[in-house]
Amino acid sequence: EFRNYDGKFWEKKIFAPSSLIYYLGVSEKIPELEHHTLFFDEDLFDHSVEIYKEPQWPKKPLFYVCCPSRTDASVAPAGHENLFLLMPLAPGLKDEEATREKFFKIMIKRLEKQIERSISHTIDYKKSYCVSDFISDYNSY
């Protein structure tokens, strides 16, 4: 009863992508990373279809890595790095913990391939944030 727009209005709208985000603390420096790193090493068109036309978890995801501690040492303890891994997704997907972890492994494996070394064993903080968190925390669908 308090809506400004009915369901038909919203059915016509194209929503912005959601995302799977991982917040990581790493107990060593990663000089191979810049502040911003884009992993556009898979097909952009295919990933965009899986967001906008045929909503699903991407088969070959693109993602972004931010390493803010590369340019601001105050965001991580000395000798550590602070990382964000962000993968764009279709809104409204079911994001169970097992699914989140599956995509974390895909992203971290590609990141490690890029920097040519393993960092998984140095992760001392890890938290995910995804579709259901945006809904519960911000009522953002």
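1. Let's start at the tail end: Asn139 sits in the segment after helix H4, which spans 131-138. Its backbone is a little unusual, with a positive phi of about 55° although Asn139 is not a glycine. Most residues other than glycine have a negative phi. Asn139 is also exposed, since its relative accessible area is 55%. Do keep in mind throughout that this is a predicted model.

2. Glu116 is another case to look at. This residue has a positive phi of about 60° and, again, is not a glycine. You'll find Glu116 in the loop between H3 and strand S5 (123-129). With 73% relative accessible area, Glu116 counts as exposed.

3. Now step back to the whole chain. There are four helices and five strands, and from the N terminus they come in the order α-β-β-α-β-β-α-β-α. Along the principal axes, the C-alpha atoms fill a box of roughly 55 × 35 × 25 Å. The chain has 141 residues, and 38% of them count as buried.

4. How do the contacts spread along the sequence? Taking contacts between residues at least 6 apart, 76% join residues at least 24 apart.

5. On the outside, the accessible surface comes to about 9,000 Å², and carbon and sulfur atoms account for 55% of that. One nonpolar patch of about 320 Å² is made by Tyr5, Trp10 and Phe15. Of these, Trp10 belongs to helix H1 (residues 7-11) and is partly exposed, because its relative accessibility is 39%.

6. For charges, count 19 positive and 23 negative side chains; the centres of the two sets lie 4 Å apart. The number of salt bridges comes to nine, and the next points pick out a few.

7. Take Lys29 and Glu81, whose side chains meet in a salt bridge at 3.6 Å, N to O. Lys29 is in the loop between strand S1 (18-26) and strand S2 (36-39), while Glu81 is in strand S4 (residues 81-89), so the bridge ties together parts that are 52 residues apart in sequence. Is each partner buried or partly exposed? Lys29 is partly exposed at 39% relative accessibility, whereas Glu81 is buried at 1%.

8. Asp41 and Arg110 form another salt bridge, with an N to O distance of 2.4 Å. This pair links distant parts of the chain: Asp41 lies in the loop between S2 and helix H2 (44-53), Arg110 lies in helix H3, and they are 69 residues apart. Asp41 is partly exposed, with 47% relative accessibility, but Arg110 is buried, with 14%.

9. Glu50 and Lys59 pair up as well, in a salt bridge of 3.5 Å, N to O. Here Glu50 counts as buried at 6% relative accessibility, while Lys59 counts as exposed at 61%. There is also a network: salt bridges that share partners join Glu28, Glu32 and Arg117.

10. Finally, have a look at Arg100 in helix H3 (residues 97-115). Is this arginine buried or exposed? Arg100 is buried, because its relative accessible area is 5%, and the cut-off for buried is under 20%. Leaving out residues up to four places away in sequence, Arg100 touches Leu20, Tyr22, Asp95, Ser128, Tyr129, Cys130, Ser132 and Asp133.

Definitions and conventions
Residues are numbered from 1 along each chain as its sequence is written. This is a predicted model: local features need pLDDT of at least 70, side-chain atom pairs count only at pLDDT 80 or more; totals for chains, interfaces and linings use all residues. Side-chain values use heavy atoms; hydrogens and water are left out. Helices (H or I, at least four residues) and strands (E, at least two) are DSSP runs, numbered from the N terminus. Buried means under 20% relative accessible area, exposed over 50%, partly exposed in between (1.4 Å probe, protein chains only). Contact means heavy atoms within 4.5 Å. Accessible areas come from the Shrake-Rupley method with a 1.4 Å probe; for residues, only the protein chains shown count as cover. Lys and Arg count as positive and Asp and Glu as negative; His and the chain ends are not counted. The place of a charge is taken as NZ of Lys, CZ of Arg, CG of Asp or CD of Glu. Patches are made of residues with over 30% relative accessible area and no salt bridge: like charges are joined within 9 Å, nonpolar side chains (Val, Leu, Ile, Met, Phe, Trp, Tyr) within 5 Å. A salt bridge is a side-chain nitrogen of Lys or Arg within 4 Å of a carboxyl oxygen of Asp or Glu.
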